[in-house]
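Reader: Please take me through this structure, and for each term tell me what the word rests on.

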Amino acid sequence: MIIRDGRVIDPANGRDEVVDLAIAEGRIAEKSNDAEVIDASGLIVAPGLIDMHVHLREPGFSHKETIASGARAAAAGGFTTIVCMPNTSPAADNPATIAWIKDRAAESACVNVLPTGAISKNIAGEELAPIGSLGDVGVVAITDDGKCIQNHELMRRAVEYARMVGLPVLDHCQDYNLAGNGVVNEGYWSTLLGLPGWPAAGEEAIVARNILLAELCDHHIHCQHVSAAGSVRLIREARSRGVKISGEVCPHHIALTDEAIQNFDTNYKMNPPLRSQKDVDAILEGIADGTLSILASDHAPHAAFEKEVEFDQAPFGIVGLETELGLFIDLLVHKHRKIDIVRLIEMFTVEPAKLLKLDAGTLSLGAKADATLIDPELEWTAKIDNFQSNSRNSPFDGWKLKGRAVRTIVNGKTVWQLA
Amino acid sequence: MNERWTRKDLLGLRELSIDEINFILETADAFKQVGAREIKKVPALRGKTLVNFFVEPSTRTRTSFELAAFRLSADVINITASGSSLTKGETLKDTAKNLEALHADILVLRHSSAGAPQFLAERLKSSVINAGDGAHEHPTQGLLDAYTIREKRGKIDNLHVVIIGDILFSRVARSNIFCLTKLGARVTLVGPSTLVPRDFEKLGVTVSHKIDNVLPDADVVNLLRIQHERQRKEYFPGTGEYTRLFGLTKARAKMLKPDCLVMHPGPINRGVEIDSEVADGSRSVILDQVTNGLAVRMAVLYLCGGIAT
């Protein structure tokens, strides 16, 4: 395969030039002998994008999503590698379940699926999962995502143990006492609507805890889906001192504020919740100055019948894989001009690859031929009816966006292209 | 029916215009007169079916709606949470769709989740009347409180209304705030800082934690029950300290202006938020609120029920 006349952006090698890219035998090559030519003029040729925060729901919740359907959604969103969270049923807290996920992915997924393992048994936050064994079967990180270990001592030992095994720790930052039964950001809208509030301090307290433990254990903790201004401030200060801490941003936390909840539409209910404009502004600044280095979707599929209930009883979360890249390009590159497209690609490739020690995220000669073709100027409308995902729980239906993936290549083969 | 009323549902008072609120109150005037007649029944909703759907327990509000519906000649059935399919795992949407399939014209909903009435109203052709949703709104309570103030004081504009108690968890407080500020009253909220957080100031009211500074200037005091059974211990140290700091005791009642109204949506915890002598005293209009609630609910059922057809 030859990808012709595209703007090849490969941040890992500091490369940004209009050039042909050859793929042979599933690898980036000097030349290709087969006849397939892809015209990429006017397009960006990026290393295959990585989304390191995705819920694929299998095993246990295949009515929401399967590994196959989630992978198709990823491909349609421009992602060649996705990292799936362990809160399945059974939880991915043991080598057998990880092996099952990997087998299932090998037989049914059109993109690379990399599992994470749980930190604690059954994600109950009480005793450590067999982290070493999980590492042996190839998890790329450990996390109790969806839950948060409240016992600081247990978390400290988990981080110390993960350091020995060489796995980064990803954390969903939520202090259960402060968050209480909150379902939306505590502030004006929770006051007006009488919905239980979940204050930003409930996230910030755990981000601060994680900074202290990352220092104590000299090991990396990654704070997932950062939603609060105070979290950004804490991470910025810690990183300036060289602490091994990082933060991740989801598109909904910069696209929306808690004002969106006013009609009790459960497609605006996620955890952490949509916060205030002040928080959105702080996250945008955090992206601009490098404090927040990872972009991810927190793709969280739920069936319509599960979401179509009373607001406080609905499950948290929205699907994101198929709107994520469009939202980030539209908001970060075009609308707010916080970063350029090169940095955006870096945040979806080099940054997660470095954090998770992945052999991915570059177009170096000899690298695995995963690539995403992006049209950063293409105007399109997000439509849930066109989703590849099994679920439709998105607040972005009908949004007009600028920029999206037009072709996704995994292992040298096109797995999806824009019709 | 009338160009002043076009809504099939009453979900809250925040979204109502001043004219819509006044129109309900004026309609209630007419129904209040009906209640004083020997024959208290009118045929306004004859042939219509009203379902009192109470997913959260209530006696007072349910009875008031039931009586209001009887007086309007509607057929009434009552469904409570324990007797409904919700306890068998059926969703609220399915239960409501089933009621609609039985041609229920008006659904009066009491629910522990904020937004539940709006959720149903968007999905049903029937009228949905909010009889209290979580800590969100209790619009007929807000209306009957406004009606009572207007009846006793002749106006609402420029009056100083003080609402005392557990504001954070109170749907009555929110409906009162939305309604009374629209009608021109000055509203002050009083209670412990944990139950009256500063965020409420953004709703256009004043927050105070010193009841003795506020009472002498009040035209109306509306006391809310301290719902100690629902609250976690961390919100306040106990009812003893609550009474000491915020109770409308006999001694404090002496600070009130002679024509100040004392209101309470009930049920009263005598000796906690209000002393017995004050609840039963000359300023108390607590039982007038109950009577007016009937007229206001008749007005709401009549107006919304007329739109649904």
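Author: The largest pocket has a volume of about 840 Å³, and the residues closest to its centre, out of 34 that line it, are N181(A), P196(A), G197(A), F169(B) and Y235(B). This is a predicted model, in which local features need pLDDT of at least 70, side-chain atom pairs count only at pLDDT 80 or more, and totals for chains, interfaces and linings use all residues. Residues are numbered from 1 along each chain as its sequence is written, chains are lettered from A in the order in which they are written, and side-chain values use heavy atoms, with hydrogens and water left out.

Reader: What makes this a pocket rather than a cavity?

Author: On a 1 Å grid over the protein atoms alone, a cavity is a set of points where a 1.4 Å probe fits but cannot get out, whereas a pocket is an open set with protein on both sides within 12 Å along at least five of seven lines, and lining residues have an atom within 4 Å of a point. The volume is the space filled by probe spheres set on the points, which are joined across faces, edges and corners.

Reader: Why is the meeting of E308(A) and R123(B) called a salt bridge?

Author: The term requires a side-chain nitrogen of Lys or Arg within 4 Å of a carboxyl oxygen of Asp or Glu; the side chains of E308(A) and R123(B) meet at 2.5 Å, N to O, and therefore qualify. The count between chain B and chain A is 2 salt bridges.

Reader: How many residues does each chain bring to the contact?

Author: Chain B gives 23 residues and chain A gives 19 residues, where contact means heavy atoms within 4.5 Å.
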